[in-house]
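Me: Please take one part of this structure and go through it closely, in plain terms. I would like to follow how its pieces are arranged.

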Amino acid sequence: MSPSGAEVIRRIRSETDEVDPGEVRKALEAPPNGTVVVDVRESGEYESGHLPGARHVARGFLESRIEGVVPDRSAHVVLYCASGSRSALAAHTLEHELGYENVESMTGGITLWKDRGYPVEVPRSLTTEQRERYSRHVLVPEIGLEGQLKLLDARVLLLGAGGLGSPTALYLAAAGVGTIGIVDADEVDLSNLQRQVIHTTDRIGEPKVDSAEQAMKAINPGVEVVKFRTRLDASNVMDILPGWDVVVDGVDNFPTRYLLNDASVRLQIPVVSASILGFDGQLAVFAPYQGPCYRCLYPVPPPAELAPSCGANGVLGVLPGTMGLLQATEVIKLVVGAGEPLIGRLLLYEALGATFTELKVRRDPDCPICSRDPDEISDDELGVFPDYEAFCAAAG
Amino acid sequence: MATIRIPPVLRPSVGGEKEVSADGASVQEVLGSLSAQHPATQAQLFGEDGQLNRYVNVYLNDEDVRVLDGLQTPVGAGDVLVILPAMAGGGP
């Protein structure tokens, strides 16, 4: 006659090495000691509170996921559940099916742990609405719950709610970036609407920061929008820039790009930079002291006749969409910490030929800004370059 | 014969082409034969001292020639030179 389930559990428990919660607590409080504590309960149980520092692999996923958490089969693994039964069964599987050599089950599970008054960690989680809204992010292993929480905590500043800023703002709001700042002094104009998709015909004449806020909130009311209805300049850059995690540069002129570069190097804030003209786009991530800065790539601006702006020369309406979304992608990668950000590389997109070209960008050891200690960069130097006055005069 | 990629701002100087082929065994020679074919590019690429203007980056394949041997960098037949001035276009 087959044994009952209770008999099997009893037998396996008697064959499993158990460890007292007091020992586990000592191990957790004195890391790193090689002990990995794994909670084998269901997700809901884990999320309502677990041992501090415990990893989570539900027993139902043990065989498929344990190697991701404990790759070393000789590591000391302590499993626990609610009372000690499921963890004993899981320990049995690890030892006898998967070849783990040093597995123990915690006596009495988290119930005994709590009875002893030991600390319990309640993980941050998403609300029911957020869980639904961001479900397709959470399903992507590179983002997951942890990445989504990082996005919700992130503060991203967009310079310009124009061609590049429009798609970036919409998608970053949709992605759940918690706080999005927008710097823009302009009002919505009819000629903007060929490409600036965050604005609408019925909002012509409204400040772009207000129009952008409406569109972002309509997609995601949970996003906090911080509006700066101004142009970034030397008088306000050190008021606006501090405290942001990432800056997205979509400005339309060289003086502001140099100003932004110098201030962001000083404040050590990464800048995701794009520029567009006609059918051509450029994209790079300038991460201060990790890679080159804007001045390493372009030490001096071109003369005004070689530096036309889109307003004067025209641009394919979808091009800022393409480049702005590449910027949004880089922002999310930086915030979440996924993939290889476009640091030390410049990506060129040529829409007519449908070609992407990647160029290497090196740090300039003699860079007037990023070769120096950030504290040495003074207010007076921000945004200054040779022939600045002449450049601005020529650019009108 | 190397291929030269022409940026948008210089295309009017080369009859609107995105790519131009030019002879030469070094960056200097290739860009020299470009400016011989299209004289308007001369002043855009080179200063009066004969050096590349500081606001123009030139890449041999994917590497900045300034970290190679500058204008003396050898160029092979299948190589691509990318001329890249800064672009500022963005918002308005």
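Reply: What follows is a close look at the sheet of chain B and its surroundings. This is a predicted model, in which local features need pLDDT of at least 70 and side-chain atom pairs count only at pLDDT 80 or more, while totals for chains, interfaces and linings use all residues. Residues are numbered from 1 along each chain as its sequence is written, and chains are lettered from A in the order in which they are written.

Chain B has an open sheet of five strands in the order β2-β1-β5-β3-β4, with mixed pairing. Strands here are DSSP runs of E with at least two residues, and helices are runs of H or I with at least four, numbered from the N terminus; two strands pair if DSSP finds at least two bridges between them. The edges of the sheet are β2 (19-22) and β4 (63-64) of chain B; each has a single partner strand, so one side of each is left without a neighbour in the sheet.

Further in, β3 (residues 56-60) and β5 (residues 80-85) of chain B are joined by five bridges in the antiparallel sense. V56(B) has P85(B) in β5(B) as its bridge partner. Helix α1 (residues 27-37) of chain B packs on the sheet and touches β1 (2-5), β2, β3 and β5 of chain B; contact means C-beta atoms, placed from the backbone, within 7 Å.

Chain B also meets chain A, in a contact of 20 residues from chain B and 36 residues from chain A. On the side of chain B, the elements giving two or more residues are β4 and β5.

Notes:
Two residues are in contact if their C-beta atoms, placed from the backbone, lie within 7 Å. Axes are lines fitted to C-alpha atoms, for helices over the stretch in contact, and angles run from 0 to 180 degrees between N-to-C directions.
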